[in-house]
Amino acid sequence: MYSSRFLRLVPSLTRGRASSLAVRTTSRFQSTYASQWVQKPIDTKTAEFTIGPKNGFLPVHDPLVKLPARFSALENILDRMPKILPDGKPGLLAKGTFASVIDKELPEYDVSDIHDPHLLLALFRDYTFATSAYLLEPCDLRYVAEGKYGKGRTVLPRNLAVPLSQIAKKIGQRPFMEYALSYALANYQRADQGRPEEYDNLSLIRTFSGGPSEHGFILTHVAMVRHSGGIIATVPAILDALKAKDRSKFNAELDKLNSTMSKINAVMETMWKVSAPSDYGTFRTFIMGTKSQDEMFPQGVVYEGVSKDPTFYRGESGANDSIVPTMDNLLQLTEMMPSNELTDILRDFRSYRPPDHTKWLSFVESTSKELGVRNFALADAGSTLRYLTAMDEVRDFRNRHWNFAKEYILKYSKHPVATGGSPIKTWLPNQLTTVLDVMIKTGNESLARHSGMDAATKAGISTLIERAEQNYKTLKR
């Protein structure tokens, strides 16, 4: 189907034509790329973040809500952790007693016998929540009192460090909080198992603040990612169509991709309603990292019982999500990013994700470049319009993210570094500027190259150029 944005740009396209394009397949078109990313059979050894058209970038099972009884001490401490408890009373983080409780009450659990991916993911989530709370508790207390973060704790005790490091090694991750495997995509439960991961069907498992805005912040991301199965279904099909030089299939699959991205952007927009910008500071401290946070961790953090060398890890960030990196790689935007420190940070971010997500992103980037997605799209005016529409969805996403940064962070904090360790005022504009530049260049190139295109396509491309130019003016103010 066509995205609503695309239909507005090309009013002459009818629903009947869209349907005929979407179903125009032949028996010879059995895609080798698509077959690599079908929904795989799930068994007890399947990694939770195994990608498929059904679950997309979400885990294959709903996250485990409660740990087994053998981990009751950890479960109990995390239940008491949030600043505001369900009964309205202050929790450990509000009282500044979380670290002392960890030191006194948490045993050093032996996790050497655990191999179940579902349980390992839950343990990774819970140990990383406890780790971030332990290290960043003094920073949050000072931020509340003075508006500055100050120094975090520089040693993680072995009752957290040893089990977490062992769990992280088993699932191929760094021993620190991440977006997918900890804070967001491993941290939800559905009220009705028969319904999808829609916002009103979700609740949190772990929280730092205990407030509704953190609930809204995290679960909006989950509700966005629940549409990502459409990305896994269409991107390989786009690449297969390109390999077969099947223009109709290429266009039809791009239409489907743009429809999926339009849904994701629509969910993203609801963040304003469910998470108040003024509340972000109540939980932001605890999703900071130890890398590039010189005010808090100038010497890094030593993991007691693991190594005497200090560690430095990026904090949790929506930039670790795989939706936009997939689009960047498919549209060949990644290779057009400027060669600078900000782009280096972008690439570093992309290493903080589940192994199958990394494999997917590498596949999309290398295959798109090898086949030449951009050149194939530019060879036809209709394909160019669809390609530009996909880029416009990326523009819309990144522009909204930048607006979030201005309203949620810059308006309330003078701290110049984002949770993931990137410079707030320049990092997001670095990527957004590239998108705008490529949109304008591609649109103008197509208008010059295909002077005989139909009026509706010309109007659609012109509208997208104008949108990018207006966004560029706004960004540079």
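In this predicted model, Gln-173 touches Phe-124, Ala-168, Glu-178, Leu-181, Arg-353, Pro-354 and Pro-355, leaving out residues up to four places away in sequence. The residue sits in the loop between helix 8 (158–171) and helix 9 (179–183). With a relative accessibility of 10%, Gln-173 falls under the 20% cut-off and so counts as buried. Its side chain also has a polar atom 3.4 Å from the backbone oxygen of Ile-171.

Now to the nonpolar interior. The largest nonpolar core takes in 140 residues, and the ones with the most contacts inside it are Phe-98, Tyr-183, Leu-185, Phe-208, Phe-250 and Trp-360. Helix 7 (residues 117–146) supplies the largest share of this core, with 15 residues. As a general matter, nonpolar side chains in soluble globular proteins tend to be buried together. Leu-185 gives a feel for the surroundings: setting aside neighbours within four places in sequence, Leu-185 is in contact with Phe-49, Phe-57, Leu-58, Pro-59, Pro-63, Tyr-179, Ala-180, His-221, Val-222, Val-225 and Asp-321.

Helix 14 (residues 323–330) is mostly covered, with eight of its eight residues buried. The list runs through Ile-323, Val-324, Pro-325, Thr-326, Met-327, Asp-328, Asn-329 and Leu-330. What do these buried residues of helix 14 pack against? The partners are helix 10 (212–225), helix 11 (229–243), helix 12 (247–269), helix 16 (355–371), helix 17 (373–378) and helix 18 (381–410). Just past the end of helix 14, Gln-332 adopts a positive phi of about 65°.

On the charged side of things, the structure holds 28 salt bridges. One of them brings together the side chains of Glu-365 and Arg-347, at 3.6 Å from N to O. Glu-365 belongs to helix 16 and Arg-347 to helix 15 (residues 341–349), so this pair ties together parts that are 18 residues apart in sequence. Glu-365 counts as partly exposed at 27% relative accessibility, and Arg-347 is partly exposed too, with a relative accessible area of 42%.

Another salt bridge links the side chains of Arg-467 and Asp-392, here at 2.6 Å from N to O. Because Arg-467 lies in helix 20 (residues 455–475) and Asp-392 in helix 18, the pair ties together parts that are 75 residues apart in sequence. Burial differs between the two ends: Arg-467 is partly exposed, with a relative accessible area of 26%, whereas Asp-392 counts as buried at 0% relative accessibility.

Helix 18 also has a salt bridge within itself. Asp-396 pairs with Arg-400, their closest N and O atoms being 3.2 Å apart. Both residues lie in helix 18, four residues apart, or about one turn of the helix. An α-helix has 3.6 residues a turn, so residues three or four places apart point the same way. Asp-396 and Arg-400 are both buried. Elsewhere, salt bridges with shared partners join Glu-75, Asp-79, Arg-125, Asp-126 and Arg-206 into one network.

Glu-197 goes without such a partner. This residue is buried yet has no salt bridge, and the nearest side chain of opposite charge, Arg-190, is 4.2 Å away. Why does a distance of 4.2 Å leave Glu-197 without a salt bridge? The cut-off is 4 Å, so the 4.2 Å to Arg-190 does not qualify. Glu-197 lies in the loop between strand 2 (188–190) and strand 3 (202–204). Not counting residues up to four places away in sequence, Glu-197 touches Leu-58, Asp-62, Tyr-188, Arg-190, Leu-202, Val-222, Ala-223 and Arg-226.

As for sheet structure, three strands make up an open sheet with mixed pairing, in the order 1-4-5. Strand 1 (155–156) and strand 5 (310–311) stand at the edges with a single partner strand each, so one side of each is left without a neighbour in the sheet. Strand 4 (residues 301–303) and strand 5 run antiparallel and are joined by two bridges. In one of the bridges to strand 5, Val-302 has Pro-310 as its partner.

Finally, Lys-411 is found in the loop between helix 18 and helix 19 (424–449). Its side chain is joined to that of Glu-407 by a polar contact of 2.8 Å. The C-alpha atoms of Lys-411 and Gly-421, ten residues apart along the chain, are separated by 18 Å.

How values were computed: Residues are numbered from 1 along each chain as its sequence is written. This is a predicted model: local features need pLDDT of at least 70, side-chain atom pairs count only at pLDDT 80 or more; totals for chains, interfaces and linings use all residues. Side-chain values use heavy atoms; hydrogens and water are left out. Buried means under 20% relative accessible area, exposed over 50%, partly exposed in between (1.4 Å probe, protein chains only). Lys and Arg count as positive and Asp and Glu as negative; His and the chain ends are not counted. Contact means heavy atoms within 4.5 Å. A nonpolar core is a set of buried Ala, Val, Leu, Ile, Met, Phe, Trp, Tyr and Cys residues joined through side-chain atoms within 4.5 Å. A polar contact is a pair of N or O atoms within 3.5 Å; within protein, one must be able to donate a hydrogen and the other to accept it, and residues adjacent in sequence count only if both atoms are side-chain atoms. Two strands pair if DSSP finds at least two bridges between them.
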